[in-house]
Amino acid sequence: MSDSEITLVDPQELQDLMMNKFIAAGLPKVPAEETARHLTYADACGIHSHGTVRVAYYAERIAKGGVNLAPNIQFEKTGTSTGVVHCDNGMGQYVCNEALTYAIGMAKETGTAVVGVEKTGHSGMLSYYVKRAAEEGLVAIAMCQSDPMVVPYGGSGNYFGTNPIAFSAPRSSGDPLVFDMATTVQAWGKVLDARSKNRSIPDTWAVDGNGDPTTNPHDVRGLLPIAGPKGYGLMMLVDVVAGSLLGLPFGKHVSSMYADLTEKRNLGQFYILIDPKKFTDPDAFAKQVQQMTEELHEMKPAKGFDQVYLPGERSQIRRKKAMKDGIEVATEIYDYLKSDTVHFDKYNGQGAFAE
Ligand code: NAI
C-alpha cells in the first residue's frame, strides 16, 4: 500500500470502531470487545492479514447467522490434566480466549493442560493466545484448523488448511518468546496483498488451477506447504490433533470460510500448556531462554541482514511503535469502520480463492 492509502489510527479508537461494528452486526458487547482487542493487537503487530481486513467478513458472518451469538461454553474435564472446551460455535477469538482461561487454570493447578477447543469459529492470530499463557509463566503450544486451501506434497488438489502452529515461553526479562506460523510457505493474506498491488509472487508460494507453480497471484488456486513433505506433515499433525482427536471434520472436510455464511464453522483448536516448575527450576528456565535470546542477538548477522531477530521480535517492535504513533490501517477500511455500513454483502458463497 502506498502512504496515501494508509491512515494512522489511535489503537483505542480502532478497537472501539471494530467493537461497534460487531455489535451493529448483532454480536453482544463482551465477545465484540474481545474480538476487537484481538484484531487491534494483530494490526499493531503488523500482522495485517488477521486484523481490520477481516472486519467486514466477520460482520457479514455474524449478521447472517454463521456465529452463535450466545454460545453455551462448557469445560469438560476428561482427566487430571486433560479436557475439552465445547465452544458451541461462538465468535472464534472470544471463545478460544475463554477456553484458554480454563486451560491456564488447569495447567497452574496440575502442572500441565492438554485441552481441545471444540466447535469454534476462525480464531485469528495464534500468538495472541500463547503469549498470554507465557505471561502467566507457562510454556504454551497452540494449533488450529483452517479452510482447505493447500496442496499436499506431490498432490494436485487442495486438501489441508494453512493450519498454523505457535509456541511461547517465558523469558527472565521482557516479553515472552513467541513463534507463530502458518504451515504454508506464505499465509493466504500475503497472496491477497500481492493481488491488491498487482505484483507477481515467487513461484514457490502457490499453484494455479492445473497444479503448476504460478507467479500470478490472481491465478492462485492452491497454496504450498513449507519445506515440501515436512510442512505437509505438520499441517497433517494439526488436523489429526485439533480435528480428528476432537471428533471434528478434518482436511478437505473442514468448512470453508466463505462457502456459506449462514452455517457455523465447527473448527478445532488445541492447547498444550506446561508449567516449567514440574520439570526444572522455573527461574533458571526463564534465564536460559533469556540467555538464548542474548546469544542469538550477539551473533554476527549474515550478509544482507542487520541482526539476528528472535521469532516474534519484529512484531513486538512494530507493536510498541504502533501503540505510540498509531496503527496503520488501509484508509478504505478506516472509512468503512466509521461509516453506518455494517457489511457489504459480498462474501457469502464465494470460493476460497475468489478476488
Ligand atoms: P510469518 O511468516 O509472518 O512469520 C512466521 C514466524 O517467523 C513468526 O514467528 C515470525 O516472528 C518469524 N519471523 C519472521 N521474520 C523473521 C525474521 N526476520 N527473523 C526471525 N523470525 C522471523 O507468519 P505467517 O505464517 O504469515 O502467519 C501469520 C499469522 O497468521 C499467524 O499469527 C498465524 O497464527 C495466523 N494464521 C491463522 C490462521 C487461522 O485460521 N486462525 C490460519 C493461518 C495463519
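This note goes through the ligand site, the salt bridges and the cysteines of a predicted model.

1. On the basis of the model. The structure is a prediction, and the local features discussed below need a pLDDT of at least 70, while pairs of side-chain atoms count only at pLDDT 80 or more.

2. On the surroundings of the ligand. The shell around the ligand is made up of 22 residues, and the closest of these are H50, G124, D180, A182 and G312. Sorted by chemical character, the shell divides into 12 nonpolar, 7 polar and 3 charged residues. Strand β7, which spans residues 177-181, supplies the largest share of the shell, with 3 residues.

3. On the polar atoms that face the ligand. Three side chains deserve a look here. D180, which is among the closest residues to the ligand, places a polar side-chain atom 2.4 Å from a ligand oxygen. For H122, a side-chain N or O atom is 3.3 Å from an oxygen atom of the ligand, whereas the side chain of R314 has a polar atom that lies 3.2 Å from a ligand nitrogen. As for the cover, the ligand on its own has 860 Å² of accessible area, and the protein covers 78% of it.

4. On the salt bridge in helix α2. Side chains of opposite charge can pair when their charged atoms come close. The model holds 11 salt bridges, and one of them joins R37 to E34, with an N to O distance of 2.6 Å. Why are R37 and E34 separated by about one helical turn? Because the two residues are 3 positions apart within helix α2, which covers residues 29-44, about one turn of the helix separates them. The partners differ in their burial class, since E34 is buried at a relative accessible area of 7%, while R37 is partly exposed at 34%. The pair also belongs to a wider arrangement, in that E33, E34 and R37 are linked in a network of salt bridges.

5. On the salt bridge in helix α9. K321 and D325 form a salt bridge in which the closest N and O atoms are 3.0 Å apart. Both residues lie in helix α9, which runs over residues 313-325, and they are 4 residues apart, or about one turn of the helix. K321 counts as exposed, with a relative accessibility of 52%, and D325 is partly exposed at 38%.

6. On the pair D275 and K277. A further salt bridge connects D275 with K277, the distance between the closest N and O atoms being 2.9 Å. Are these two residues buried or exposed? D275 is buried, with a relative accessible area of 9%, whereas K277 is exposed, with a value of 54%.

7. On the cysteines. A disulfide is a covalent bond between the sulfur atoms of two cysteines. The model contains 0 disulfides. For C45, the closest cysteine sulfur is that of C144, and because the two sulfur atoms are 16 Å apart, they are too far from each other for a bond. C144 is likewise in no disulfide, and the cysteine sulfur nearest to its own, that of C96, is 7.4 Å away; the cut-off for a disulfide is a pair of sulfur atoms within 2.5 Å. C45 is buried, at 1% relative accessibility, and C144 is buried too, with a relative accessible area of 6%.

Note on methods. Residues numbered from 1 in each chain as written. Heavy atoms only, no water. Buried < 20%, exposed > 50% of the residue type's maximum accessible area, 1.4 Å probe, protein only. Salt bridge = Lys/Arg side-chain N within 4 Å of Asp/Glu carboxyl O. Near = heavy atom within 4 Å. Polar contact = N/O pair within 3.5 Å; in protein donor to acceptor, adjacent residues only side chain to side chain. Areas by Shrake-Rupley, 256 points an atom, 1.4 Å probe, with all protein chains shown as cover. Nonpolar A, V, L, I, M, F, W, Y, C, P; charged D, E, K, R; others polar.
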